[in-house]
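Q: Could you take a close look at one part of this model for me, the side chains and what surrounds them? I would love one connected walk rather than a list.

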Amino acid sequence: MNNEVLKMSSVIKRFAHHEVLRDVSLTLHRHEVVCLIGASGSGKSTLLRCANLLETIDGGDIELFGQSLLDPRVDPDLVRRHMGTVFQSFNLFPHLSVLENIALGPVRALKRPLHEVREEAMALLTRIGLQGRAAEFPDRLSGGQQQRVAIVRSLAMRPSLLLLDEVTSALDPTLVGEVLDLLTDLAKSGTTMLIATHEMNFARDVAHQVAFLDNGVLVEKGPPDQVFERPQHDATRVFLERVR
Amino acid sequence: MLSGTGADAPDAPPLLFAPRRRLIFKGRNGLIASLASSAALVAVILAVLFATSGGQSFRFYFFNPHFLWIALRGDPLKAVGSVLGGIVTNIWIFLLCEVLVLVFGLLIAWIRITTTPLLVPFRLLATIYADIFRGIPFVLVIYIVGYGLPQLSLGALSNQSPAVYGCIALTLTYSAYVSEVYRAGLHSVPHGQILAARSLGLTQYATMRRVVLPQAVRTVIPPLLNDFISLQKDTALVSLIGVVETSRAAQIGQETYFNGSFLTMSALLFLAMTIPMTRFTDHLIDRDREKRLAGAQ
Ligand SMILES: Nc1ncnc2c1ncn2[C@@H]1O[C@H](COP(=O)(O)OP(=O)(O)OP(=O)(O)O)[C@@H](O)[C@H]1O
Ligand SMILES: [Mg+2]
């Protein structure tokens with residue numbers, strides 16, 4: 001129990017009468033990378049948005065470090081400071097420089113001193129090889145660079161886990177590699193991540209667990225070898241046939 | 001026969017020249033043409049003003065140097081105030097109202113878009129306020145405030161000078177307009193920006209202050225300046241409740257001397273105030289458009 005970071009149990013989410021998540025249970029342990037796969041519309045984004053309380057769930061429970069997030073005393077702002085979220089469309093702040101993008105959360109949400117945060121932000125930029133671009137505005141960067149900045153922007157909050165939603169889908173194919181390399185790097189250094197992705201090879205290489213969502217149902221979950229080589233369910237097999 | 005690119009290659013090279021008549025105004029000819037048409041236009045205007053009898057009396061009535069000078073200076077003996085002195089009143093009323101409108105309008109817009117439960121009743125109130133003051137003609141607002149408040153014996157609120165009531169009326173009406181400008185600006189910021197900010201754990205207030213507002217400002221400035229240009233002109237309407245500002249001073253002069261040059265001088269002073277602002281606004285709009293075009297490629 002003590003190394004469970006995020007635990008979703010029997011989560012149900014409806015939009016009007018449309019049940020988008022049906023009884024989904026998923027646990028993320030410390031240092032674990034879980035990849036969510038599934039067809040478009042299967043509910044991957046919705047699951048991530050429920051996890052960081054951007055959506056309210058209609059049934060089940062979500063726990064962070066053993067505490068239920070449904071408790072009315074829970075402050076969603078505090079919860080989100082523990083969960084870095086990276087979106088498909090980078091959503092960098094266009095009016096702030098690259099460095100200011102990274103520093104905004106730590107300074108304004110965590111109230112940490114600016115000079116300390118700037119140093120840390122520079123270190124993060126150095127890690128992704130963009131230390132020379134710190135003062136530029138995001139629209140001067142390529143898509144791949146912007147997405148890598150978006151990833152380190154959430155890392156600057158020192159989150160306990162990262163939620164990533166198809167972070168390479170909006171990118172030119174030539175730029176996908178640099179972003180996936182950064183994620184691989186993060187996985188190796190023990191970052192806990194829940195990754196919704198269409199990149200099956202990446203999922204196979206990096207994930208500790210792969211979860212397959214089909215129409216809001218978590219059909220199958222297991223180590224990548226098992227899910228990709230010996231899928232237990234027909235739905236998984238059909239999906240994998242199609243994306244191959 | 002089907003071919004991949006649609007048409008087969010033509011036998012003769014295709015004709016790519018524009019018709020001759022569309023080439024007349026190209027290059028140097030274009031410059032000559034525009035100079036010629038400008039000269040013709042100026043000639044027509046001068047001819048109408050100086051050669052026709054109507055032009056003569058028009059010049060005497062509106063552009064009489066003697067009365068233009070008296071308008072500037074004023075004539076204490078005949079109790080005609082200076083039009084120039086009057087514009088000072090317009091300027092301070094404008095400056096004061098501008099600041100009040102900026103703050104009050106933002107407050108109204110903010111209340112209308114936040115979802116904090118505590119503010120729900122205020123949200124309804126702000127909506128009603130914006131609807132009412134955008135819907136009532138300003139003339140009525142200024143009469144209601146200027147003649148109504150003094151009747152109410154509300155202490156200090158009923159004991160002010162007409163200029164103060166004018167400011168209150170202008171602020172009430174213009175804040176309603178400006179709150180809509182702000183609201184449109186705040187809504188123009190993409191939702192993804194708000195999601196990203198909230199995901200970083202920023203509070204609703206910090207999201208507004210650090211992410212939404214700074215981006216909204218850019219879209220909001222040109223329409224805001226447009227409203228301020230109208231506000232500058234509408235300061236003349238405070239004369240309706242007895243404030244002698246420039247347009248009222250001009251009217252007194254015109255009635256006293258039966259000459260319209262007083263009105264002309266007042267109009268020129270207004271233009272001196274508004275034209276820099278209109279030019280600046282257009283400049284900002286063009287610059288923003290260029291930026292967006294540059295971003296689009
Ligand atoms: N705000 C919403 N209101 C109504 N329906 C929604 C909303 N958001 C998502 N849905 C529906 O929920 C279902 C799951 O959507 P979701 O975005 O989670 O899928 P996804 O697996 O992320 O798909 P993709 O791979 O295309 O991103 C879809 O049928 C979608 O139409
Ligand atoms: Mg999605």
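A: Happily! A strand here is a DSSP run of E with at least two residues, a helix is a run of H or I with at least four, and both are numbered from the N terminus. Please keep in mind that the model is predicted.

With that in hand, let's start at Asp165(A), which belongs to strand 7 of chain A, residues 161–165. Buried means under 20% relative accessible area, and Asp165(A) has 13%, so it counts as buried. Arg230(A) is 65 residues away from Asp165(A) along the chain, and the C-alpha atoms of the two are separated by 26 Å.

Now to the ligand. Ligand 1 has 13 residues around it, and those that come nearest are Ser40(A), Gly41(A), Ser45(A), Thr46(A) and Glu166(A). By class, this shell holds eight polar, three nonpolar and two charged residues. Strand 2 (18–29) and helix 1 (44–51) of chain A each give at least two residues to the shell. The largest share, three residues, is that of helix 1 of chain A.

Some side chains of the shell can be followed atom by atom. The side chain of Ser40(A) places an N or O atom 2.4 Å from an oxygen atom of ligand 1. For Thr46(A), a polar side-chain atom is 2.5 Å from a ligand 1 oxygen. His198(A) also takes part, with an N or O atom of its side chain 3.4 Å from an oxygen atom of ligand 1. On its own, ligand 1 has 630 Å² of accessible area, and the protein covers 60% of this.

Staying in chain A, two backbone spots deserve a glance. Most residues other than glycine have a negative phi. Ala16(A), however, has a positive phi near 55 degrees. Ala16(A) sits in the loop between strand 1 (4–15) and strand 2 of chain A, and with a relative accessible area of 71% it is exposed. Phe65(A) is not a glycine either, and its phi is positive at about 50 degrees. Phe65(A) lies in the loop that runs between strand 4 (59–64) and strand 5 (67–68) of chain A, and its relative accessibility of 34% makes it partly exposed.

Chain A also has arginines over rings. Arg153(A) holds its charged end over the ring of Phe93(A), 4.5 Å from the centre. Arg204(A) is placed over the face of Phe228(A), 4.9 Å from the ring centre.

Rings also meet one another: over all chains, a search of the whole structure gives 13 aromatic pairs. One of them joins Phe67(B) and Phe262(B), whose ring centres are 6.2 Å apart with 40 degrees between the planes, so this pair is tilted. Phe67(B) is part of helix 3 (residues 65–73) of chain B and Phe262(B) of helix 11 (residues 261–296) of chain B, so the pair ties together parts 195 residues apart in sequence. Both Phe67(B) and Phe262(B) are buried, and Phe262(B) has a relative accessibility of 0%. Phe262(B) also pairs with Tyr257(B), and this pair is stacked, with 5.4 Å from centre to centre and 10 degrees between the planes. Tyr257(B) is buried too, at a relative accessible area of 15%. Elsewhere in chain B, one aromatic cluster is formed by Phe58(B), Tyr61(B), Phe62(B) and Phe63(B).

Methods:
Residues are numbered from 1 along each chain as its sequence is written. Chains are lettered from A and ligands numbered from 1 in the order in which they are written. This is a predicted model: local features need pLDDT of at least 70, side-chain atom pairs count only at pLDDT 80 or more; totals for chains, interfaces and linings use all residues. Side-chain values use heavy atoms; hydrogens and water are left out. A residue is near a molecule or strand if one of its heavy atoms lies within 4 Å of it. A polar contact is a pair of N or O atoms within 3.5 Å; within protein, one must be able to donate a hydrogen and the other to accept it, and residues adjacent in sequence count only if both atoms are side-chain atoms. Accessible areas come from the Shrake-Rupley method with a 1.4 Å probe; for residues, only the protein chains shown count as cover. Ala, Val, Leu, Ile, Met, Phe, Trp, Tyr, Cys and Pro count as nonpolar, Asp, Glu, Lys and Arg as charged, and the others, Gly among them, as polar. Rings of Phe, Tyr and Trp (its six-membered ring) pair if their centres lie within 6.5 Å; planes under 30 degrees apart count as stacked, over 60 as edge-to-face and the rest as tilted. Buried means under 20% relative accessible area, exposed over 50%, partly exposed in between (1.4 Å probe, protein chains only). A charge sits over a ring if NZ of Lys or CZ of Arg is within 6 Å of the ring centre and within 35 degrees of the ring normal.
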